[in-house]
Amino acid sequence: MARLNNGQRFPNLQVPAVGGGTLNLPDDLAGQFGVVLIYRGSWCPYCNAQLAAFQRASDTLAQLGVRVVALSSDDEETSRQLVASRRLSFPVGHSADIATVAEATGAYVNDEPHHLQSTGFVLAPDGTVVTAVYSSGAIGRLVPDDVVGLVRYINEHS
């Protein structure tokens, strides 16, 4: 399982979406900057804080043309409850196959309890990785202020 490098195309992933349909990554983010947040689960306070922070930053991110999606291995009902309680307006995927996501993205996996560790990606409009943040434990993750600063820098210098 190799980590994704800057400039590498984000792998094709399909994950069921809360509310129906499927998240098709990176295609659902094509044409704009994208953020892919892989979170540990709704039980994780750090993940809840990260998702809430991206929700609070949603207007600023939208003004910059940045789309956000999140996914975990949580089941559909647990994910639906998280979306409702956090009032998340961005798409959230559920029931992600841990082995498939880890193999495709290089995300760290926790053995017991079994879950994906927090992993965040900023994607260019063409679906390539601009930056990746891999966490091997509970802390250390992509934050919206960093995404805003990075996208502003790229837009000003391109």
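This report covers the sheet, one helix and the aromatic contacts of a predicted model.

## The sheet

The sheet is open and has 5 strands. Their order is β5-β4-β3-β8-β9, and the pairing is mixed. β5 (92-93) and β9 (129-134) form the edges, each pairing on one side only.

Strands of a sheet pair through backbone hydrogen bonds, in either a parallel or an antiparallel sense. Here, β3 (residues 33-38) runs parallel to β4 (residues 66-71), with 6 bridges between them. One residue match can be named: Ile38 has Leu71 in β4 as its bridge partner.

## Helix α3

Helix α3 spans residues 76-86. Ser79, Leu82 and Val83 are buried in this helix. Viewed down the axis of α3, the buried residues fall within an arc of 100 degrees, so they line one face of the helix. The cover over these buried residues includes α1 (45-56) and the edge strand β5.

Both ends of the helix have a feature to check. At the N-terminal end, Asp75 acts as the cap. A side-chain oxygen of Asp75 lies 3.3 Å from the backbone nitrogen of Glu77. Just after α3 comes Arg87, with a positive phi of about 50 degrees.

## The aromatic cluster

The structure holds 2 aromatic pairs. In one, Phe10 and Phe121 meet edge-to-face. Their centres are 5.1 Å apart, and the angle between the planes is 70 degrees. This pair links distant parts of the chain, 111 residues apart. Phe10 sits in the segment before β1 (13-16), while Phe121 belongs to strand β8 (residues 119-123). Both Phe10 and Phe121 are buried.

Phe121 also pairs with Tyr134. The ring centres of Phe121 and Tyr134 lie 5.7 Å apart with planes at 90 degrees, so this pair is edge-to-face. Because Phe121 is in strand β8 and Tyr134 in strand β9, the pair ties together parts that are 13 residues apart in sequence. Phe10, Phe121 and Tyr134 form one aromatic cluster. How accessible is Phe121? Its relative accessibility is 0%, so Phe121 counts as buried.

## Arg3 over two rings

Arg3 brings a charge to the aromatic rings of Tyr108 and Tyr134. The charged end of Arg3 sits over the Tyr108 ring, 3.9 Å from its centre. The charged end of Arg3 also sits over the Tyr134 ring, 5.3 Å from its centre. Tyr134 is thus shared with the cluster that includes Phe10 and Phe121.

Definitions and conventions: Residues are numbered from 1 along each chain as its sequence is written. This is a predicted model: local features need pLDDT of at least 70, side-chain atom pairs count only at pLDDT 80 or more; totals for chains, interfaces and linings use all residues. Side-chain values use heavy atoms; hydrogens and water are left out. Two strands pair if DSSP finds at least two bridges between them. Helices (H or I, at least four residues) and strands (E, at least two) are DSSP runs, numbered from the N terminus. Buried means under 20% relative accessible area, exposed over 50%, partly exposed in between (1.4 Å probe, protein chains only). The arc is that of the directions from the helix axis to the C-beta atoms. Contact means heavy atoms within 4.5 Å. A polar contact is a pair of N or O atoms within 3.5 Å; within protein, one must be able to donate a hydrogen and the other to accept it, and residues adjacent in sequence count only if both atoms are side-chain atoms. Rings of Phe, Tyr and Trp (its six-membered ring) pair if their centres lie within 6.5 Å; planes under 30 degrees apart count as stacked, over 60 as edge-to-face and the rest as tilted. A charge sits over a ring if NZ of Lys or CZ of Arg is within 6 Å of the ring centre and within 35 degrees of the ring normal.
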